Every structure is written in C-alpha cells, then in structure tokens.
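The exercises below are to be worked with the sequence and the coordinates open. Each task is followed by a solution in steps.

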Amino acid sequence: MTEDAEVEVNLSPTSKSEQQAPHFLRDVIFHGKFKLLKALTPEENTHCQHGLYFQDGQRRVDYVLTYHVKKPGGGRSCRHSAHLLTENAVARSLRRVPHGRDERLRRPQVPRPKDSTSAGADVELGCPGETFNGHEDHKAFRREEFEGKLRDMGLELEKDDTKIPGVGFVKIHAPWKILCREAEFMKLKMPTKKVYEVKQSSGVMEKISSLVSKALEPLHPHVEEHKPKNIKHLSHTFSREKQHLFDLSDKDSFFDSKTRSSIVFEILKRTKCKAKYSMGITSLLGSGVYTAAYPLHDGEINQESAESNDRKLLYEEWANYGVFYKYQPIGLVRKYFGEKIGLYFAWLGLYTQMLIPASLVGVIVFLYGCATVDDNIPSMEICHPKNNITMCPLCDRVCSYWKLSTACGTARASHLFDNPATVFFSIFMALWAAMFMEHWKRLQMRLNYEWDLTGFEDEEPHRLEPGKDASTPHTTTGDRQHTDHPRAEYEFKVMQKSMCKDQKAPHKVEKLTFRDRLPAYMTNIVMMLLMIGVTFAIVFGVILYRISTKAALHMSSNPITRNHVQLTVKTTAAIINLVVILILDEVYGAVARWLTVLEVPKSDKSFEERLIFKTFILKFFNAFTPIIYIAFFRGRLVGRPGSYLYVFESYRMEECAHGGCLMELCIQLSITMLGKQLIQNNLFEIGVPKLKKLIRYIRSKRGAFQEEERKKKLMRYETDHFLEPFAGLTPEYMEMIIQFGFVTLFVASFPLAPLFALLNNIIEIRLDAKKFVAELRRPVAARAKDIGIWYNILRGVAKVAVIINAFVISFTSDFIPRMVYQYMYSPDGSMHGFVNNTLSHFNVSHFQDGKEPMDPLQLGYPVEICRYKDYREPPWSATPYEISKEFWAVLAVRLAFVIVFQNVVLLMNDVVDWLIPDIPKDISLQIHKEKILLVDLFMKEEQGKVLILESRSSTGGKENCSGSNNNNCTMAHPRSGLQNNNTKSF
C-alpha cells in the first residue's frame with residue numbers, strides 16, 4: 001500500500017476545520033511534513049468501480065457535469081420554484097416520443113420515483129421548504145431545460161447525492177444506439193473484421209533496422225500498443241447500415257472511453273440552451289449554470305490493489321521519472337487522450353531525440369574551444385605579461401586608464417565560443433532544423449496511417465449551423481461543410497446585432513463582418529504595439545542600470561569590487577532581465593487572451609490560432625529583445641573618445657569588452673534559457689499545481705458533514721472534480737517553441753544550448769506526462785492529423801535562425817575581422833599583430849572638458865596616447881579620428897558573408913527537403929493497399945447481395961410458376977433485375 005492510499009481525508013465540521021487548516025499549513029511549511037501534500041485531494045476509493053457506472057452498475061458514466069448547490073437558508077418559501085421545476089419536467093415528458101428500448105431505458109428517469117425526485121430536489125434546491133435567490137432559480141431552470149433536451153437527444157442522465165459541499169453532479173451515459181448514430185455523423189473510422197498482413201520489405205536496410213530494434217528492445221515500454229504488429233484491421237467510416245462489417249461481439253468495448261466521451265461532448269456542444277443564440281455547454285459554463293464538465297479517468301493509479309487500466313499503465317510506463325530513458329508509449333497515449341495530445345507528445349519525443357546529435361556536436365565544438373585556447377594568438381597577445389598597451393577609460397571621470405592585459409580572462413573565455421568551429425556549428429544547426437522538420441513530417445504521416453487519420457480532412461463531420469434543430473444535427477448531402485460549432489460569445493454578439501438591427505429579411509442569418517470587428521482590430525494593433533514598446537522600455541531601463549551601476553562600482557574603495565565590475569554588472573543585469581521576462585510572460589499571456597476575446601472569433605479553432613499568434617509574438621519579443629540588443633546594437637552606438645554618444649546628456653552608452661560582445665551574449669542567453677527552463681517550465685509546473693491542490697483541500701474541509709458521510713469514500717467523478725481542469729496544449733507548445741528559438745537563433749554564441757535543452761526535455765516529458773495522468777482532469781479527446789499552426793511557426797523560426805546566425809558570426813564575433821587581417825593585412829599570413837591592428841589611437845589632450853579621468857596617474861605614469869577598439873585614423877594623420885579603409889574592407893566582407901552564408905544554407909535546406917520524401921515509401925504502399933482491399937471488400941459484399949437476391953427471386957419465381965399461370969412467372973424476373981441494378985449502383 002502506497003503512502004497515498006494510507007492517508008485518509010477526515011472531513012470535519014466547519015468550526016473544527018477552521019482550527020485544523022492553520023495547523024495543516026504549519027505542519028507542511030514549518031515542520032517539513034510534505035507527506036501531507038499527497039493527501040491534498042481526498043483519498044481515492046479502492047472500490048471506486050461504481051463511480052465509473054450508474055447506480056445500476058451496468059451503464060457507464062461517459063461524462064459528468066457539476067453545478068453549484070445552494071446551501072439551505074431562511075427566507076421565502078421555495079414552493080414557487082419547485083412548482084416551476086415540476087412544470088418544466090412535465091412539459092419535457094410530454095414532448096418526449098416513446099420508441100423502443102430507449103424509452104424503457106429512460107422510463108425510470110422521466111417519471112422518477114418519489115424518493116428519487118425528492119433527492120434530486122434536495123440536491124438542486126437544498127431541502128424542501130428552503131429557498132435561494134432568483135439568480136439561482138434561473139440557473140436551476142436552465143439546467144432542467146438543458147438536461148431535458150439532452151434526454152430528448154437520447155442521452156441518459158442520473159443525479160447523485162454528493163459528499164462534497166456545494167457541488168452537485170449529473171452523470172451522463174450514451175446508449176448504444178446514440179453512439180452508433182453520432183459515430184456515423186462524426187464520420188469516425190472504426191476497425192472492421194477484415195485484417196491484412198503488413199509485409200516488411202526484405203532489403204538490407206530493413207535487416208539493419210530489425211537488428212537495431214532488437215538492440216533497443218530494453219528501451220521500449222512494456223505496453224501492447226508499442227509492440228510492432230504484423231496484421232492490421234482494415235478501417236472504414238462507421239455506418240449503421242454496414243454494422244455487419246464491424247466486430248460487434250463486444251459492444252461495451254467497441255467504442256472505448258475516449259470515443260464515448262468525445263461523442264457525448266459533441267452532443268453537449270450542439271444542444272441549444274433556452275436562449276435562441278445561446279448554444280451548447282460552453283455558454284452554460286460561461287454563465288455559471290454549470291461549474292465544470294469533464295470525462296472520467298479510467299481508474300486508480302497509486303494503489304496496488306487497483307484493477308489494471310490504461311491510466312495505471314500510463315502512470316507506470318510513461319509518467320514515471322524512473323523510465324526516463326525509455327521511449328514513450330505514443331499509441332497508448334493516443335488511445336487514452338486522443339490524437340491531438342498524442343501528436344504533441346510524439347512531436348516532443350522526436351524533438352528530444354533530435355537534440356541528442358545536436359548536443360554531441362555542440363559539446364565537441366565547446367571542447368575544441370577549450371583545447372585550442374592556449375594556441376589562440378590574439379588571446380596570447382592580450383595575456384602576454386610584456387603587453388604594455390594602455391586603454392582609454394570605460395566611463396567618464398571615475399574610470400581611469402587600464403592595461404589591456406587585465407582583460408586576459410575575458411579574452412580566453414570568449415575563445416571558447418568564438419572560434420572557427422562555431423561557424424561550422426551554425427551551418428550544422430541550420431541543416432539540423434531542416435532535418436528535424438522533414439523527420440517530423442514523415443513521422444506525422446506514419447502516425448496518420450497507424451491511427452487511421454488518412455483522409456481525415458475530407459471526412460470532417462457536418463457542423464450544426466445557427467438556427468438548425470439540435471435533434472437533427474446532420475443531414476446527408478453531397479457537399480460537406482467544414483465549419484466548427486460557433487462559440488457562445490460569437491452567438492451572443494450575433495444575437496445583439498440582430499436585436500439592434502431592423503432586419504428586412506427575417507430569415508436571414510446574421511454574422512459578424514469586418515466592420516463589426518474593426519474596433520477590436522484597432523485595439524489589438526494599439527495594444528500589441530504598446531506591449532512591444534513596454535518590452536523595449538524595459539530593455540532601455542536595464543541599459544541605464546548597467547551604465548549607472550558600472551560607474552558606481554568604479555567609485556568603490558574596495559579593489560576586489562573594482563576588479564570585477566564587468567562580471568558583476570553583466571550577471572546582475574542578466575538576472576534582472578530574467579525576472580522581468582518571467583513576469584511579463586504571465587502578463588502578455590493574459591493580454592493576448594483578452595485581445596483575442598475582443599475579436600470574437602467564430603470557431604474554437606480560429607480562437608486558438610489567433611491566441612497562439614498573439615502570444616507567440618509578445619513572448620518572442622519579450623524573450624529575445626535583450627539578446628538582440630546585446631548581439632547587434634551594443635557597442636555600435638558608442639562614438640569614440642572625445643566624442644561619445646550620451647543618453648539624457650549624462651549617461652554614456654556602454655561598450656563591449658575587448659573580447660567582444662559575444663561573451664556577454666553568451667552570459668545573457670545562458671541565464672535566460674536556464675532560468676526559464678528551471679523556474680518557469682519546471683518549478684512552476686510542479687509548485688503551482690501542488691499549491692492549487694492545497695487550496696482546494698483547505699476549502700473542502702470547510703463544509704459541514706455528518707459523521708456517516710465523513711466515513712464514506714469518494715467516487716471516481718468526485719475524485720476527478722478535485723483535479724485541475726485541462727487548459728489546452730498552447731502553454732506546452734509555447735515553452736517548447738521558445739526553447740527551439742534559443743537552440744537555433746543564437747546557437748553561434750552558445751553551442752551548449754542544445755545540451756541544456758536536451759536535459760530539460762528529458763524531465764519535461766515525464767513532468768508533462770505525470771501532469772496529464774495524475775494532476776489534470778481527463779481532456780476530451782480531439783482528432784487532429786497535424787500540429788496545426790505550430791508547424792508554420794517552427795518553419796518560420798528555422799528560416800529566421802539562418803539569417804540571425806549569419807549576422808552573429810559576421811557582426812558580433814571577431815571571425816570576419818580575423819579572417820580579413822590574416823589574408824589582407826598580416827605581413828606573414830598569421831594572426832600575430834591582430835590585436836594591435838584592431839586598436840585605434842587617441843590623444844588624451846582631446847578629451848572634452850569635464851570628461852577626463854579624475855585620477856590620470858592611477859597606472860603610475862602619465863598617459864599621452866590611449867587605445868580603443870575601432871578602425872579609425874590616428875590623431876597625427878591628415879584626417880584624425882575618421883573611419884579608416886580597414887573598416888570598409890571588413891564591412892564589405894561581413895555583408896558578403898551574410899549573403900553567401902544565408903543563400904548557401906537555405907539552398908542546402910531545400911536540397912534536404914527535396915531528398916527526403918514527406919511520406920515514407922512503405923506507408924505509401926500500405927495506404928494504397930488499404931484502398932484496394934477496401935474496394936474489394938465492398939465489391940464482394942455487393943456480389944453477395946446480388947447472389948442472395950437472385951436466389952430469392954428464382955425461388956420465388958418457381959413457387960409462382962408452380963402455383964399460378966406463366967404470366968406471374970414472367971413478371972418476377974424483371975423485378976429481380978431491377979433490384980439487381982439498384983444494388984449494383986455502388
């Protein structure tokens with residue numbers, strides 16, 4: 001028995017719980033009793049099997065609706081409310097048309113027994129004779145009407161007494177006939193009886209592949225769905241007329257729990273509420289009529305005595321840090337959570353696998369820099385003890401002259417990331433991104449074949465249009481509509497528009513036009529620009545912090561502080577940037593959702609895509625603006641000694657260290673990337689759910705319970721109520737896309753980025769898995785054949801990464817200046833003299849008044865000429881301090897390198913795209929084989945029907961001929977021929 005099973009939840013009265021809640025927090029926080037956190041949700045019942053079924057133990061709970069139950073209170077009588085509820089129920093029962101077995105199944109619910117009715121009234125109204133306000137009355141009436149329409153749609157409902165204060169539950173079951181009807185409407189592909197063998201090619205590559213798979217066998221999870229299968233069921237769109245094609249021997253398991261819940265959710269979305277334009281469960285959830293709607297998890301996960309189920313198997317073989325080295329059971333993930341979530345984890349798994357070679361190459365590049373740092377001539381010249389180069393002050397007044405040899409550590413560290421191998425690594429990562437995209441397309445196509453999603457777009461179900469009856473959701477027509485259910489907010493706006501406008505055509509369906517949305521679009525543009533401006537303003541504020549802090553530290557009397565000014569300022573500024581990025585990420589996420597709500601998109605898909613686009617733009621600017629400033633702008637807007645550029649006439653723009661800005665870029669990039677991964681992605685994902693569970697636990701102890709109710713254990717639907725609602729995959733994708741940007745955009749300055757991303761993702765996969773299996777309510781399974789707009793964002797980031805890395809290599813690093821010096825200006829073709837070539841001369845007598853150092857004799861001798869990093873003419877030339885010819889030569893080579901690098905790498909990406917086919921050859925053959933087998937199956941079926949009709953007609957003809965005249969015999973054959981012609985119309 002695990003610790004979770006041993007901990008019991010004692011639900012005590014209000015007064016006692018109020019005393020125990022502070023003690024609970026004190027025990028957790030101050031006394032380290034973290035074991036109590038595992039009891040934040042009530043104890044899961046070991047015999048919770050009945051929580052998955054109705055009270056009869058036969059009908060499975062496919063979906064659960066929860067609502068707020070008003071506590072008993074004094075006031076006016078609720079006789080009027082009870083009368084309206086009863087009247088509503090009677091009207092609903094009169095509308096219902098009895099038919100066959102469905103009526104028998106619903107009969108116990110329509111004329112409910114006396115005790116059942118009173119119990120339902122108690123759950124809804126609190127208790128007989130008590131009352132609640134009119135707003136709660138209205139919600140109760142809307143619930144009654146909505147649930148009545150659900151029964152009209154064929155669903156079976158059951159209300160249950162709850163042990164959770166203030167929460168009522170409505171359990172929903174979909175009978176077999178309803179499942180068949182909706183599966184046909186939704187064009188669900190189901191496996192038929194026909195099976196065929198998936199033949200493996202016998203080539204050399206296949207033999208090598210089989211050997212590799214055997215060697216990797218210990219890395220595979222122990223689940224049936226992950227084992228390779230030699231046979232496959234032929235799948236076809238479900239049809240009630242062709243039920244004989246499917247294996248219906250076990251109707252209870254033909255539609256799994258994932259499919260059943262998605263079918264019920266489809267009915268809930270299209271069932272209308274009381275208002276004409278208020279449609280589906282989303283509007284009821286938004287208005288508070290219902291507080292939650294969710295399908296149930298399959299069963300227990302932590303208890304050894306629990307029956308085996310897919311959820312427990314996922315917890316053991318997937319959502320477990322002990323199996324971090326194994327492959328993911330993607331087939332089982334898809335079976336339990338649906339195709340959309342399965343595709344996310346398949347994409348995340350492939351991305352993590354592709355990071356392995358990138359990490360290895362990045363580590364090799366870093367080790368190459370470490371191995372060659374002692375042979376690097378420029379850093380050797382800077383660190384040479386006889387080096388007597390005097391540098392100009394780094395700030396006005398408080399800073400004095402300094403020796404170039406003091407920058408020895410920075411120069412050596414810069415070589416670790418600024419060496420010829422980084423150019424190769426940039427090209428490699430650009431090709432890696434292209435390979436990753438191509439491999440994902442191939443894997444996506446393979447999953448589409450294995451999950452029977454081929455042709456999914458052509459088989460999307462009809463969606464209900466506004467104004468159509470929910471009881472007839474689909475009609476069989478030739479042209480299929482691909483519109484999704486309109487969102488409740490969209491329907492409400494359309495209703496407002498139709499009420500305010502005198503319609504000349506009363507039957508015309510209104511819709512929101514561009515003119516209706518124009519104010520929202522203008523607000524979006526203004527707010528997006530404002531948020532981006534806030535990001536720029538914060539970056540500018542950090543710049544001022546660095547400038548002022550550097551000047552203040554130089555005034556310090558502590559020599560250790562003065563010697564580590566650069567490192568202190570860089571590190572603290574990077575940490576400040578990280579904190580600001582984390583805060584603004586949350587703010588920008590809320591702003592993006594608010595702006596998307598203002599636009600009132602029609603469908604959920606449109607809402608999601610617009611939200612993703614806005615969130616990505618804001619978070620991309622938030623994460624990468626400080627890095628872009630350091631890479632491309634810092635040190636280039638400085639000026640020169642005697643003519644510096646000032647901000648607010650007192651702050652001198654900051655310069656790069658002598659080793660270049662690449663080292664500072666590396667520090668900023670590493671702190672931001674590691675901080676976001678450790679704090680935002682991991683700590684928040686672990687800590688925030690625990691904190692929310694703690695709050696829900698404390699709230700759950702505030703209800704008044706009877707002693708016998710305290711001893712009762714919660715059912716499955718009650719246990720799932722305490723789990724966190726599923727908020728979508730957008731946050732999960734977003735953090736990975738931002739990480740993909742860190743890995744590809746500035747990889748030339750930080751070759752260890754793929755390694756840190758790999759280590760993070762190994763934890764991230766199991767963290768997300770545990771969150772989905774144990775921390776979140778079960779999501780509604782959604783079908784999808786690709787990852788949607790995220791693929792386009794990935795392609796865009798990969799293209800931009802090529803351009804940015806070209807500029808980083810040519811303008812941020814010293815790769816181009818070193819190459820120009822070696823091949824154009826070096827007397828012996830070596831790098832000796834490179835440092836002196838990059839330093840210009842300045843006569844200290846040309847300082848502006850009030851800008852010269854306060855202590856010019858700090859080095860122990862008077863300084864007449866100081867050096868600064870730039871390509872300018874010396875003060876003794878005819879054009880002092882003007883830009884020299886070397887500057888223009890280096891600039892020309894830099895621009896040429898950007899153009900050549902960009903075009904060569906993009907061309908190589910296109911070659912990779914052309915060489916690797918999007919569809920694997922074996923999958924293409926299998927899809928073609930499936931089509932042929934499907935046609936053969938239906939042809940044999942039609943031929944069988946023809947033979948049966950012919951045999952019946954011939955038998956009937958002989959009987960007619962023997963019992964009557966020849967006219968009857970001759971009339972039978974044309975009729976049978978007509979039937980044959982109609983049958984062969986397939």
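**Exercise 1.** Is cysteine 395 buried or exposed, going by its relative accessibility?

Solution. The model is a predicted one.
Step 1. The relative accessibility of cysteine 395 is 11%.
Step 2. Buried means under 20% relative accessible area, so cysteine 395 counts as buried.
Step 3. Cysteine 395 is joined by a disulfide to cysteine 399, with an S to S distance of 1.5 Å.
Step 4. Cysteine 399 has a relative accessible area of 3% and is therefore buried.
Step 5. The torsion about the S-S bond of cysteine 395 and cysteine 399 is about 85 degrees, so this disulfide is right-handed.

**Exercise 2.** Find how many disulfides the whole structure holds, and describe the links of cysteine 383 and cysteine 392.

Solution.
Step 1. Searching the whole structure gives 3 disulfides.
Step 2. One of them joins cysteine 383 to cysteine 408, S to S 1.9 Å. Cysteine 383 belongs to helix 15 (residues 377-383) and cysteine 408 to helix 16 (residues 408-417), so the pair ties together parts 25 residues apart in sequence.
Step 3. About the S-S bond of cysteine 383 and cysteine 408 the torsion is about 100 degrees, which means a right-handed disulfide. Cysteine 383 has a relative accessible area of 23% and is partly exposed.
Step 4. Cysteine 392 is joined by a disulfide to cysteine 866, S to S 2.0 Å. This pair links distant parts of the chain, 474 residues apart: cysteine 392 is in the loop between strand 7 (390-391) and strand 8 (402-403), and cysteine 866 is in strand 14 (residues 865-869).
Step 5. The link of cysteine 392 and cysteine 866 has 85 degrees about the S-S bond and is right-handed. Cysteine 392 and cysteine 866 are both buried.

**Exercise 3.** Classify cysteine 370 and cysteine 666 by accessibility.

Solution.
Step 1. Cysteine 370 has a relative accessible area of 32%, so it is partly exposed.
Step 2. Cysteine 666 has a relative accessibility of 5%, so it counts as buried.

**Exercise 4.** Describe the surroundings of arginine 818.

Solution.
Step 1. Arginine 818 is located in helix 29 (residues 815-825).
Step 2. Its relative accessible area is 16%, so arginine 818 is buried.
Step 3. Leaving out residues up to four places away in sequence, arginine 818 touches Pro378, Asp418, Asn419, Met831 and Phe834.
Step 4. With the side chain of aspartate 418, the side chain of arginine 818 makes a polar contact at 3.4 Å.

**Exercise 5.** Which backbone oxygen does the side chain of serine 261 reach?

Solution.
Step 1. Serine 261 is part of helix 10 (residues 257-270).
Step 2. The side chain of serine 261 reaches the backbone oxygen of lysine 258, at 2.9 Å.
Step 3. A relative accessible area of 2% makes serine 261 buried.
Step 4. Residues up to four places away in sequence aside, serine 261 touches Asp62, Tyr63 and Pro295.

**Exercise 6.** Work out how helix 13 and helix 14 are oriented to each other.

Solution.
Step 1. Helix 13 (residues 330-337) packs against helix 14 (residues 339-372) at an angle of about 150 degrees, and their axes are 7 Å apart.
Step 2. Angles over 145 degrees count as roughly antiparallel, so helix 13 is roughly antiparallel to helix 14.
Step 3. The crossing of helix 13 and helix 14 is right-handed.
Step 4. Helix 13 contributes Ile330, Val333, Arg334 and Phe337 to the contact, and helix 14 contributes Glu339, Ile341, Gly342, Phe345 and Ala346.

Terms used: Residues numbered from 1 in each chain as written. Predicted model: local features only at pLDDT ≥ 70, side-chain atom pairs only at ≥ 80, totals over all residues. Heavy atoms only, no water. Helix = DSSP H or I, 4+ residues; strand = E, 2+ residues; numbered from the N terminus. Buried < 20%, exposed > 50% of the residue type's maximum accessible area, 1.4 Å probe, protein only. Polar contact = N/O pair within 3.5 Å; in protein donor to acceptor, adjacent residues only side chain to side chain. Contact = heavy atoms within 4.5 Å. Disulfide = S-S within 2.5 Å. Axes fitted to C-alpha atoms, helices over the stretch in contact; angles between N-to-C directions. Parallel < 35°, antiparallel > 145°, perpendicular 65-115°, else oblique. Left-handed = near helix turned anticlockwise from the far one by under 90°.
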